[in-house]
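Student: I should like a close look at the aromatic pairing in this protein, set against its overall architecture. Please take me through it in one connected account.

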Amino acid sequence: GEAAAAGLDGAVADDEDAADAAAAEDDDYAALKTLWAQELLCPELLPRDNVTLDSQLELLRNQEDTIEELQERVASGDASGSTDPLLASLAAGIYKMESDRVRFLLADLTRTRLAKIENHALHNRDLVDRMSADEVEYLKTYGGLVERHFNRTVLNAMPKEAWRKLNEPDMIDSPDLDAYVFCKVLETVEIDSSTGDKKKKARSSARDDDDSDDDDDDEMGNSIQEHTAGSFLIARYATIQKHVLEGRIVLLV
C-alpha cells in the first residue's frame, strides 16, 4: 500500500512538473506572438526583445534535437527503450507542429523587421539601438549597396551643393507616424492628441504665412486626455508612440 501510494505521489508530481513546463512554454509562445503582432502593426521599427527572441531560438533548437532523437528511434525500430516507437512517432509529430509554429513567427518577424530596415534605411541610422548586431550589419551592407547605386545613377551628375540637402530631415524617407492604429490601453495613460500632427503643423504654418488669426475649427481646448486601462482606441500612432514603446499600450489587428 505504501509503495502504491508513493508511486501515485510520484506520478502526480511528474504530471504537475509537465503541466508547469507546458504552461511556461505557452507563456513564452504568447509573448512571441504578441511581439510579432506589435512589429507587424507598428509603422516604425520597434526595439528588439532580446530576452524573448533568444529564449525562443534556444527552445526551437532544443525541440529540433528532440525531434531528431525521436525520429532516429522510430527509424531504428528500437522498442527496448522506455518509449514505444509508435509513441515516439506521435511525440515527434507533436514536437514538429510546435516547432513549425514557432519557426513561422520567428521567420515572419525577421522578414518584417528587415523590410522596415530596407524601406527607411537612412532614417534607421538613428535607431541602431533597437537592432541586433546582425540587423545593424545588414543595415550597413544594404545602405552601402544603395549608396553605390545612387552614386552611379544620379548623385555623380549632381552639383556638390545639392548633395548636402539630401541629408536634411525633410529629404529622408521616414515611417508614417501619423498613421492611425487600433490599440488597447493596458495601464491608465494621458494622450496628447496634438503630438506629431504634421498636417496640423502644415495648416498652422500656412495660416502664419497668410497672417490669419482664425482659430482652428477642430480645436477643442485641452488636447490631453486620460484613458483608463482596458480602453480601446483608434489613434494616430505618434500620439501613443511612447506608451507603445513603454508597454502601456498594445496594438491590435
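Tutor: Helices and strands are here DSSP runs, numbered from the N terminus, with at least four residues for a helix and at least two for a strand. On that basis the protein, a predicted model, has seven helices and five strands. Along the sequence these elements follow the pattern α-α-α-α-α-β-β-α-β-β-α-β. Of its 253 residues, 28% count as buried. Among contacts with a separation of 6 or more, 74% join residues 24 or more positions apart.

Now to the aromatic side chains. Rings pair if their centres lie within 6.5 Å, and the count comes to three aromatic pairs. One of these joins Tyr138 and Tyr142, with 6.4 Å from centre to centre and 10 degrees between the planes. Planes under 30 degrees apart count as stacked, so this pair of Tyr138 and Tyr142 is classed as stacked. Both residues belong to helix α4 (residues 133-153), and because they are four residues apart there, about one helical turn separates them. Tyr138 counts as partly exposed, because its relative accessibility is 28%; Tyr142, with a relative accessible area of 24%, is also partly exposed.

Another aromatic ring, that of Tyr29, has a charged partner: Arg101 lies over its face, 3.7 Å from the ring centre.

A nonpolar feature of the surface may be set beside these rings. Leu87, Leu90, Ile94 and Met97 make a nonpolar patch of about 430 Å². Leu90 lies in helix α3 (residues 85-119) and counts as exposed, because its relative accessibility is 53%.

Conventions: Residues are numbered from 1 along each chain as its sequence is written. This is a predicted model: local features need pLDDT of at least 70, side-chain atom pairs count only at pLDDT 80 or more; totals for chains, interfaces and linings use all residues. Side-chain values use heavy atoms; hydrogens and water are left out. Patches are made of residues with over 30% relative accessible area and no salt bridge: like charges are joined within 9 Å, nonpolar side chains (Val, Leu, Ile, Met, Phe, Trp, Tyr) within 5 Å. Accessible areas come from the Shrake-Rupley method with a 1.4 Å probe; for residues, only the protein chains shown count as cover. A salt bridge is a side-chain nitrogen of Lys or Arg within 4 Å of a carboxyl oxygen of Asp or Glu. Buried means under 20% relative accessible area, exposed over 50%, partly exposed in between (1.4 Å probe, protein chains only). Contact means heavy atoms within 4.5 Å. Rings of Phe, Tyr and Trp (its six-membered ring) pair if their centres lie within 6.5 Å; planes under 30 degrees apart count as stacked, over 60 as edge-to-face and the rest as tilted. A charge sits over a ring if NZ of Lys or CZ of Arg is within 6 Å of the ring centre and within 35 degrees of the ring normal.
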